[in-house]
Amino acid sequence: MVLPGGTLGILGGGQLARMLALDARRMGYRTVVWSGTPTAEPTEGVSDVVIKKPFDDEAALAEFCAQVDVATVEFENIPLETLTAVEEKVGLYPSAQSIGVSQHRSREKIFLREHGIPCAPFAMVNSLEELEEAYNQVGPVGVLKTAAFGYDGKGQVKLTSVDQLAGAWTGVGEESSVLEGFVDFDCEISVIIARGADGEMMSYPAVENRHRHHILDLTIAPARVDEVVLADAKRIAENLAEALDYRGLLAVEFFVEKSGRVLVNEMAPRPHNSGHFSMNGSVTSQFEQQLRAVMGLPLGSPEILSQTVMLNLLGDMWQGESGTLNSEAILSTKGAKLHLYGKSNPNGRRKLGHVNLVGGEDALERAEKLKEKLLG
Ligand code: AMP
């Protein structure tokens, strides 16, 4: 157990690292971020130390490990060699092995299948011929996804007929991919679960996620779904955490079919955008919970205090020639809590912040009205 006064190492320097570092500081911990990139704006001035060197830099590895008691990640796409080296030197939670499973879509799918966890039908694809075979298996509507490093709908092509196969194969750069059967889902939900040093588990109630241009737009907490769906999603998340012998925070995304059956879409070995509601809507934020699990502390209560809606602030909400956010509209909205990530370049669909709308039944209505104002 690492008590307050200790130091947490964080691999990655984006907004998830920023929000983790803020909670760590509140609780009396120091943090050292190793961003792996030349800039790490969200963590500047927030983390005690920021190492802006590539992940294959030996000196950076030594510098990082010398200063931390234990380490965690804020994103999964970190070279396995770096993860293993950190794990051996100072301890890494979740383990390099658990992170490794979710680095590769194909590895993740095989893991799910081997553990009897329901997911969309899929087949691996390494050539155009294999894509044709896979399409015959899982078609007529499928989604081709690159096996490595895809997120927020990047590296994905929807397929509805045989004549699209060649174009789609070029579209994913002829890279190793997975073809998934298209799920005609009723809604998308996610569960964030923490598993502590002693195997204790705490899961946040499932939340409902809506997307805009393949990027998370809104999260409604808790999800407005049947009790049976909530219980199934929770049980599957627990099974996954057990199967991985997991320690840390794990996010599991699901499709809910019209029949009420839940299928795992994907998982992330870290805090998740759909868990940001917990910063104002829950007794314990997902970042505090990650810190507790990684430091070996008792886990906190994941109880929801009131219905909360999280609205993502994407780059297109910075409007006009000067590119400004209508923050007055946010701050004059009832129950709105503003979170900005300290990114100076507000372009396109970048995630620049979020707003949590707390306190009651009309949170969704308030979020939708606010979104309209922000998009102008
Ligand atoms: P992903 O990056 O795999 O989570 O995909 C991003 C979004 O694309 C998901 O949240 C869904 O809205 C949609 N999507 C991905 N895969 C499928 C699928 N097999 N069936 C239906 N929709 C999908």
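This is a short tour of salt bridges in a predicted model. Searching the whole structure turns up 24 of them, and we'll stop at a few.

**Stop one: R26 and E288.** Select R26 and E288 and show their side chains. They form a salt bridge, with 3.0 Å between the closest N and O atoms. Now colour the helices: R26 belongs to helix α1 (residues 15–26) and E288 to helix α10 (residues 286–295), so this pair ties together parts that are 262 residues apart in sequence. Switch on a surface and compare the two ends. R26 is exposed at 52% relative accessible area, while E288 is buried at 9%.

**Stop two: the network around that pair.** Keep those two selected and add D23 and R292. D23, R26, E288 and R292 are linked in a network of salt bridges.

**Stop three: D217 and R212.** Next, zoom to D217 and R212. Their side chains meet in a salt bridge, 3.7 Å from N to O. Are the two partners buried or exposed? D217 is buried, at 4% relative accessibility, and R212 is buried too, at 12%. Hide the surface if it blocks your view.

**Stop four: E238 and K234.** Finally, pick out helix α8 (residues 227–243), where E238 and K234 sit four residues apart, about one helical turn. Look along the helix and you'll find their side chains joined in a salt bridge at 3.7 Å, N to O. Bring the surface back for this one: E238 is partly exposed at 24% relative accessibility, and K234 is partly exposed as well, with a relative accessible area of 41%.

Terms used. Residues are numbered from 1 along each chain as its sequence is written. This is a predicted model: local features need pLDDT of at least 70, side-chain atom pairs count only at pLDDT 80 or more; totals for chains, interfaces and linings use all residues. Side-chain values use heavy atoms; hydrogens and water are left out. A salt bridge is a side-chain nitrogen of Lys or Arg within 4 Å of a carboxyl oxygen of Asp or Glu. Helices (H or I, at least four residues) and strands (E, at least two) are DSSP runs, numbered from the N terminus. Buried means under 20% relative accessible area, exposed over 50%, partly exposed in between (1.4 Å probe, protein chains only).
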